[in-house]
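Me: Please take a close look at a single part of this model, one helix and what it packs against. I would like one connected account.

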Amino acid sequence: MNVLELVVAAVFGLLGVRSIVHWLRRPMESDARRDHLLYALFVASRAGLWFALMGLFLLFASVDTQRRAFTDDAARFNWYYLVLAVPAALQFVSGFLLGRDRETPPSDADTDA
């Protein structure tokens, strides 16, 4: 196992914990259940992306070969890039839906008679 890969994996793990703590301390101003669900999905996918990167480096650290043989042996983990894509896509979609300005229905006081 390469020490550098383990150190980078530990840094990504700490960034994942920091991300959870940071985003859970931010107040949620909306009372809508939909927004709370999207916010929880956003926080989980954001931290999950850091943990997935940690897992990638741990997988690479488990490969014992070097140089060109490393790419051949690490190729068995190509499926793991989908694990990175899922939280990234969920983070993008939930952030987009949270940032959208939902149209509010006009109140009766705003109408001109």
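Reply:

**A helix and its two sets of contacts**

At 37% relative accessibility, Leu58 counts as partly exposed, because buried means under 20% and exposed over 50%. The model is a predicted one. Leu58 is part of helix H2. Setting aside residues within four places in sequence, Leu58 has contacts with Leu6 and Ala9. Val8 belongs in the same discussion: 50 residues separate Val8 from Leu58 in sequence, while their C-alpha atoms are 8.9 Å apart in space.

Helix H2 covers residues 33-61, and helix H4 covers 80-99. The axes of H2 and H4 come within 8 Å of each other and cross at roughly 155 degrees. An angle over 145 degrees counts as roughly antiparallel, so H2 is roughly antiparallel to H4. The crossing of these two helices, H2 and H4, is left-handed.

Next, the side chains. The largest nonpolar core has nine residues: Ala52, Leu56, Leu59, Phe60, Val63, Ala74, Phe77, Tyr80 and Leu84. At least two residues of this core come from H2, and at least two from H4. H2 gives the largest share, with four residues. In soluble globular proteins, nonpolar side chains tend to be buried together.

Ala52 is one of the core residues. Beyond residues up to four places away in sequence, Ala52 touches Tyr80, Val83 and Leu84. Tyr80 and Leu84 are also listed in the core.

Leu59, a member of the core, must be buried, because a nonpolar core is by definition a set of buried residues. Leu58, in contrast, is partly exposed at 37% relative accessibility.

Now the setting of this part in the chain. The protein chain has four helices and zero strands, and its elements run α-α-α-α from the N terminus on. Of its 113 residues, 26% count as buried. The protein chain exposes about 8,400 Å², and carbon and sulfur atoms supply 62% of that area. Among contacts in the chain between residues at least 6 apart in sequence, 75% join residues at least 24 apart.

To return to the helix: H2 supplies four residues to the largest nonpolar core, and H2 also holds Leu58, which is in contact with Leu6 and Ala9.

Terms used: Residues numbered from 1 in each chain as written. Predicted model: local features only at pLDDT ≥ 70, side-chain atom pairs only at ≥ 80, totals over all residues. Heavy atoms only, no water. Core = buried A, V, L, I, M, F, W, Y, C linked by side-chain atoms within 4.5 Å. Buried < 20%, exposed > 50% of the residue type's maximum accessible area, 1.4 Å probe, protein only. Contact = heavy atoms within 4.5 Å. Areas by Shrake-Rupley, 256 points an atom, 1.4 Å probe, with all protein chains shown as cover. Axes fitted to C-alpha atoms, helices over the stretch in contact; angles between N-to-C directions. Parallel < 35°, antiparallel > 145°, perpendicular 65-115°, else oblique. Left-handed = near helix turned anticlockwise from the far one by under 90°.
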